[in-house]
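User: I have a protein open here and would like to go through it step by step. Can you help me read it?

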Amino acid sequence: MLRNSLHRLGRLGATCSHHHHRPFTALRALPRSSSFTWTATTTTTFRSMHSSSLKQSALAQLRSNGVFKRLMSNAAATATATNTTAAAAKATVTKPIVAYWLYFNAGLVFAIVVVGGLTRLTESGLSITEWNVISGMKPPRSEQEWIEEFEKYKQYPEYKLLNRHMELNEFKTIFYWEWTHRIIGRFIGAAFILPGLYFASRGYMSKRVMKQTFGITALLGFQGFMGWYMVKSGLSQALMEEPGAVPRVSQYRLTAHLATAFMIYAGTIFVAADILRQHKIATGTYPKEAAAMLNNPVLHRFRRFAHIMGALIFCTAMSGGLVAGLDAGLIYNEFPFMGNSMIPPKAELWSDDYVKPNDGGKWRNLLENPTTVQFDHRTLAESTATLATALWLYSRRLPLPKNARVAMNTMMGAVVLQVTLGISTLIYMVPIELAAAHQAGALALLTSNFWLIHALRKVPI
């Protein structure tokens with residue numbers, strides 16, 4: 001605007017060639033209190049000025065009438081508004097380094113889920129009987145400290161009912177599994193909080209991303225509480241009084257602990273992926289052809305099925321948590337049959353042994369009967385595999401962008417791998433290596449689904 005105004009002023013002097021008094025008459029006629037408006041009449045009048053002295057006089061007259069000052073003020077205001085808008089737009093886009101930091105934390109969460117599975121499979125989760133956030137970071141160092149720690153373990157049901165034969169060196173092995181699991185958890189907490197505070201203080205995050213990362217960090221704190229709440233269920237002395245009781249953590253709390261880990265992982269992945277996408281959109285580097293394909297209404301049904309698929313994978317994984325909590329993988333180690341048929345006897349599925357007073361039915365079998373829990377897990381896994389195959393075949397008919405198609409193919413491959421691992425884990429009676437790979441496969445499958453869901457999101461371009 002300033003450039004246009006100065007150009008017009010220059011044109012005034014350059015075209016002054018005829019009349020001496022009319023320009024001044026026109027200028028004097030301008031009201032001081034009103035904004036100046038360029039009209040055809042004004043332009044014609046100024047074209048009649050011709051001498052350099054008149055040009056200077058015209059400029060002086062403009063200044064005295066406040067026109068020049070108002071033009072300069074308007075130009076400065078426009079420039080300031082433009083700069084402010086650009087700065088605001090820049091502030092609303094989170095820097096990509098925040099996304100990379102979140103992906104790193106998601107990798108740590110994936111790792112701790114695997115280590116947690118190994119801790120469960122090696123029956124190490126009850127080896128540390130106290131929860132000390134700071135002092136618990138240091139393992140026993142001297143032989144005397146190890147003996148004291150072992151004596152604490154001997155006071156609880158797991159040692160008394162299952163591990164009376166255990167020696168100190170064997171105890172050290174299970175202790176280190178649980179200690180490693182807890183240390184990784186503390187490291188994840190520090191990896192979220194410290195860099196997060198730094199990025200927020202430097203203005204690297206938008207307000208929306210700050211709220212999202214704060215929510216994930218709060219959920220992480222809740223996860224620490226859930227971990228100890230789960231362990232306490234296996235340390236209860238009441239287990240000593242129950243006939244046939246097995247000293248292990250509650251399958252309900254174990255599944256809740258696993259679900260919280262999955263939610264933290266999902267939130268971290270989605271926020272990180274969205275940051276990178278928004279940055280590409282803001283910088284104009286997002287492929288416009290891919291955006292047009294994603295905004296195609298024909299993908300609406302496929303997008304909905306991808307979300308249903310994610311919910312089914314999550315439910316299957318949570319039923320796997322119940323299987324692990326009840327050691328239900330140690331029965332019916334065959335596939336596809338369970339005994340003489342694909343469905344166990346009804347009396348075994350809906351046993352009266354798991355009914356408690358005032359239950360109002362046999363629904364508790366779904367959560368506490370190992371046979372029913374394994375059957376449910378099989379059914380959910382088979383349903384997941386069937387839907388994934390149907391979704392993959394459906395995707396072949398759709399105009400998907402490259403990223404979404406690769407995500408769909410990856411998810412189909414993850415399904416095949418996970419089914420193979422599940423069947424192998426079952427028929428070989430839950431060897432630690434296969435069982436740990438099966439748990440990692442569940443999270444890998446869910447990750448591929450997250451990728452597909454995000455790759456299908458519409459782009460506002």
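Analyst: We can start with the whole chain and then turn to single residues. Keep in mind that this is a predicted model.

User: How many helices and strands are there in the protein?

Analyst: The protein has 18 helices and zero strands.

User: And what share of the residues count as buried?

Analyst: Of its 461 residues, 43% count as buried. The accessible surface comes to about 24500 Å², and carbon and sulfur atoms make up 63% of that surface.

User: What about contacts in the protein between residues 24 or more positions apart?

Analyst: Taking contacts with a separation of 6 or more, 80% are between residues that are 24 or more positions apart.

User: Let's look at His377. Where does it lie?

Analyst: His377 is in helix H16, which covers residues 370-395.

User: Is His377 buried or exposed?

Analyst: His377 has a relative accessible area of 17%. Buried means under 20%, so His377 counts as buried.

User: Which residues does His377 touch?

Analyst: Leaving out residues up to four places away in sequence, His377 touches Thr316, Ser319, Gly320, Val323 and His438. With Ser319 there is also a polar contact between the two side chains, at 2.6 Å.

User: New topic: salt bridges. How many does the structure hold?

Analyst: It holds 12 salt bridges. As background, side chains of opposite charge can pair when their charged atoms come close.

User: Which residue forms a salt bridge with Lys138?

Analyst: That is Glu145, and the closest N and O atoms of the pair are 4.0 Å apart. Lys138 is partly exposed at 42% relative accessible area, and Glu145 is partly exposed at 29%.

User: Where do Lys154 and Glu151 lie?

Analyst: Both are in helix H7, residues 143-154. They are three residues apart, about one turn of the helix. Their side chains meet in a salt bridge, 3.3 Å from N to O.

User: And what about Asp327 and Arg248?

Analyst: Their side chains form a salt bridge too, with 3.2 Å from N to O. Asp327 is in the loop between helices H13 and H14, while Arg248 is in the loop between helices H10 and H11, so the pair ties together parts that are 79 residues apart in sequence.

User: Which residues are linked with those two in a network of salt bridges?

Analyst: Arg120 is linked with Arg248 and Asp327 in that network. Asp327 is partly exposed, with a relative accessible area of 29%, and Arg248 is partly exposed as well, at 26%.

Terms used:
Residues are numbered from 1 along each chain as its sequence is written. This is a predicted model: local features need pLDDT of at least 70, side-chain atom pairs count only at pLDDT 80 or more; totals for chains, interfaces and linings use all residues. Side-chain values use heavy atoms; hydrogens and water are left out. Helices (H or I, at least four residues) and strands (E, at least two) are DSSP runs, numbered from the N terminus. Buried means under 20% relative accessible area, exposed over 50%, partly exposed in between (1.4 Å probe, protein chains only). Contact means heavy atoms within 4.5 Å. Accessible areas come from the Shrake-Rupley method with a 1.4 Å probe; for residues, only the protein chains shown count as cover. A polar contact is a pair of N or O atoms within 3.5 Å; within protein, one must be able to donate a hydrogen and the other to accept it, and residues adjacent in sequence count only if both atoms are side-chain atoms.
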